[in-house]
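Trainee: I've got the model open and a coffee in hand. Can you walk me through it?

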Amino acid sequence: MKVTIFGTGYVGLVTGACLAEMGNQVICVDIDASKIERLQRGEVPIYEPGLEPIVRSNGAEGRLGFTTDAVSAVAHGEVIFIAVGTPPDEDGSADLQYVLSVARTIGAHLDRYAVVVNKSTVPVGTADRVRATISQAVESRGVEVPFDVVSNPEFLKEGAAVEDCLKPDRIIVGASSERAVTVLRSLYAPFNRSHDRMVVMDERSAELTKYAANAMLATKISFMNEIANIAERVGADVELVRQGIGSDPRIGHHFIYPGAGYGGSCFPKDVQALERTARSHGYDARLLAAVEAVNHDQKAKLFELISRHFDGQLAGKTIALWGLAFKPNTDDMREAPSRRLMEALWQVGAKVRAFDPEARAETARQYGERDDLVLCEHAYDALQGADVLAIVTEWKAFRSPDFSRIRGLLKTPAIFDGRNLYEPAAVEAAGLAYYGMGRGRSL
Ligand code: UGA
């Protein structure tokens, strides 16, 4: 099929590349000319495992093209995806200006039936607004063009985006037109070969499904962080509690890992946006507000532990950080817990030496040159001259370090394990103090 994708961010680019990989003719369009030029050369602007090879191969085979020309892009697609950003505005609601501007562009140029698909995470009711915006633009041209608007939210995880996109566990389609459902069934048929993953519903339910999924996952994390905070006060080890409750299949082992707080471009933004949506409909979503509040405090946790270790005397100290990205396998720093930690350390006059396998360039871009930040090329370089080590992101390479080497390099050997990667006894046996998240002995 002929597919057009507006927006070459994570969602748009991955969706475009995966649909091309399945044999479709895909054009991705973006207003950022320099990004499009890079993509045309086969350069992928984000770190995402497996993405660059399929962008290159499908580009070389002529199935995946990039353009800034919205008019030819609208003319191309039988299915037109909207995958542009919906950043939070001042009050935390999703800002729809980019989505609606794409809708106006589509309405201004559409000249035959197409299915317009909302892939961006958008508040409930946006499909209706997109439909109205396109209709208005079409009518103002004095023509009649049939089209449908469908909500088809994306559930991919950064770091595993290509795999999630090629092997989705569900394909949510919110549509009120049979014709549109038929088009999407055929577009998604190659993803559905082993069993039908498509769940068809109305647009509003599809839109809410996306927020509900992210809010549920964020709730699991904040819940476990709360249990961790209780565990360390009562002298229990949350890691044992996690295994104990995860073995109940109704709870499950996934997404109950306590840590330095959730970050990224989705959970913080989506929990807030859902809370605002509820409020604007007269409902006080207390649980969502609590999920957000617990996470906010959790991001301060590593700093509090480090500060307490030094009796609040952090000026002049150097803290080594392993991990900057908001999670492993990405260079994304959005809402990353490392940022809160570094900013808090700088505020009290401490210095940071940090290593991350992928997010060093992004960190340099965010913070520029500064005396109190050294970005190191190797994990153990970050420990040179440092007082203590904090683990902020659970990259695999940090899982089995050489503790005696760490002890030898640190001035006051202590590990602040923001992801509970290590066994406290093993760290202590190597002669280092251990602080974890909810491990019974941090307080
Ligand atoms: C999340 C969802 O998992 C995707 O399904 C969804 O499509 C995506 O948002 C989106 O809305 O676009 P993502 O933001 O890439 O994906 O990251 P996750 O893997 O979900 O991790 C989010 C944060 O939670 C990370 O900071 C991670 O370290 C933290 N986390 C995760 C925990 O602290 N504990 C856990 O047990 C799991």
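Trainee: Let's start with helix 12: what span does it reach from its first C-alpha to its last?

Mentor: Helices here (H or I, at least four residues) and strands (E, at least two) are DSSP runs, numbered from the N terminus. Helix 12 takes in residues 286-298, 13 residues. The expected span is 1.5 Å times one less than the number of residues, and for helix 12 that expectation is 18 Å. The helix comes close to it, reaching 18 Å.

Trainee: Before we go on, what sort of model is this, and how are residues numbered?

Mentor: This is a predicted model: local features need pLDDT of at least 70, side-chain atom pairs count only at pLDDT 80 or more, and totals for chains, interfaces and linings use all residues. As for numbering, residues are counted along each chain as its sequence is written, starting from 1.

Trainee: Which residues of helix 12 are buried, and why do they sit on the same side?

Mentor: A residue is buried if 20 or more other C-beta atoms lie within 10 Å of its own, exposed if 12 or fewer, and partly exposed in between, with C-beta atoms placed from the backbone. The buried ones in helix 12 are L288, V291, N295 and Q298. Because they cover an arc of only 90° around the axis (taken from the directions from the helix axis to the C-beta atoms), they end up on the same side of helix 12.

Trainee: And which helices do those buried residues pack against?

Mentor: The other side of helix 12 has R286 and A293, both exposed. Contact means that two C-beta atoms, placed from the backbone, lie within 7 Å. By that yardstick, the buried residues pack against helix 9 (203-234), helix 11 (267-280) and helix 13 (301-309).

Trainee: On to the strands: which residue in strand 8 stands opposite G174?

Mentor: Strands pair if DSSP finds at least two bridges between them. Strand 7 (residues 171-174) and strand 8 (residues 198-201) have four bridges and run parallel. V173 stands opposite V200, and G174's partner is M201.

Trainee: What is the handedness of the crossover between those strands?

Mentor: Follow the chain from strand 7 through helix 8 (residues 178-188) to strand 8. A crossover is right-handed if, with the strands pointing away from the viewer, the path from the first strand over the helix to the second runs clockwise. This β-α-β crossover is right-handed.

Trainee: Is C266, the UniProt "active site" residue, buried or exposed?

Mentor: The annotation comes from an unreviewed UniProt entry; positions are in the numbering used here, feature names are shortened, and annotations may be inferred rather than shown by experiment. C266 is in the loop between helix 10 and helix 11. It has 24 C-beta neighbours inside 10 Å, so C266 counts as buried.

Trainee: How far apart do the "binding site" residues get in space, between C-alpha atoms?

Mentor: The unreviewed UniProt entry lists several residues, among them F155, K210, F255, I256 and K327. They are spread over 173 residues of sequence, and in space they are spread up to 23.8 Å.

Trainee: F255 is on that list, so what is odd about its phi?

Mentor: Most residues other than glycine have a negative phi. F255 lies in the loop between helix 10 (238-246) and helix 11, and it is partly exposed, with 15 other C-beta atoms within 10 Å. Although F255 is not a glycine, its phi is positive, about 60°.

Trainee: Where is N420, and what is its phi?

Mentor: N420 is in the loop between strand 13 (414-417) and helix 17 (424-429). With 22 C-beta neighbours inside 10 Å, N420 is buried. It isn't a glycine either, and its phi is positive, about 50°.

Trainee: Last one: which residues is L383 in contact with, beyond its sequence neighbours within four places?

Mentor: L383 sits in the loop between strand 11 (373-375) and strand 12 (388-391). It is buried, with 26 other C-beta atoms within 10 Å. Leaving aside neighbours within four places in sequence, its contacts are A320, L389, I406, L409 and L410.
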